[in-house]
Amino acid sequence: MKWWFKKRWKGFSFRPVHEFSIMQSALNQALGEARLAGATRVHEIRLRIGVLSGVVPDALRFAFEALTPGTTAEGALLAIDEVPARFWCAPCGREFVSANLYSECPDCGQPSNELRAGRELELSSMEVDHV
């Protein structure tokens with residue numbers, strides 16, 4: 001069945017194919033860590049996702065809902081913290097935030113080629129019940 005490969009969100013459609021494999025990997029990592037800790041239930045999984053990571057948070061949420069039934073994370077909350085893109089301006093010696101991969105410093109107008117944050121894709125924390 002392919003019902004989960006296409007869903008409408010906010011007036012557009014997308015196919016969460018790579019988000020599905022990303023969420024499967026994150027869920028496997030979380031469930032493995034929970035098992036090692038002796039957890040019987042996962043209540044929350046928190047991810048940090050950079051705005052320039054190429055990952056659609058709504059697609060991750062959709063994949064999470066499809067992948068968790070039958071696991072210790074069934075019914076768990078998926079929390080996603082979006083990390084803004086931060087660049088370094090060498091002439092000014094300061095960081096600035098931009099939503100664009102090719103960014104210019106807002107103070108001096110110099111293009112920055114040093115991305116310091118914004119491509120993260122990481123499991124940052126979990127809430128679990130222990131035996």
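**Exercise 1.** Find how strands β3 and β10 run and how many bridges join them.

*Solution.* Start with the model. It is predicted: local features need pLDDT of at least 70, side-chain atom pairs count only at pLDDT 80 or more, and totals for chains, interfaces and linings use all residues. Residues are numbered from 1 along each chain as its sequence is written, and side-chain values use heavy atoms, with hydrogens and water left out.

Step 1: locate the strands. β3 covers residues 39-50 and β10 covers residues 121-130. A strand is a DSSP run of E with at least two residues; a helix is a run of H or I with at least four; both are numbered from the N terminus.

Step 2: check the pairing. Two strands pair if DSSP finds at least two bridges between them. Here there are nine, and the strands run antiparallel. For example, R41 has D129 in β10 as its bridge partner.

**Exercise 2.** Which unit do β3, α2 and β4 make?

*Solution.* Step 1: pair the strands. Seven bridges link β3 to β4 (residues 77-83) in the parallel sense. R46 is partnered by A79 of β4.

Step 2: add helix α2, residues 57-67. The result is a right-handed β-α-β unit. Right-handed means that, with the strands pointing away from the viewer, the path from the first strand over the helix to the second runs clockwise.

**Exercise 3.** Give the strand order of the open sheet that three strands form.

*Solution.* Step 1: the order is β6-β5-β9, with antiparallel pairing.

Step 2: name the edges. β6 (94-97) and β9 (114-117) each pair on one side only.

Step 3: look at one pair. Four bridges join β5 (residues 86-89) to β6. Among the residues involved, R86 has V97 in β6 as its bridge partner.
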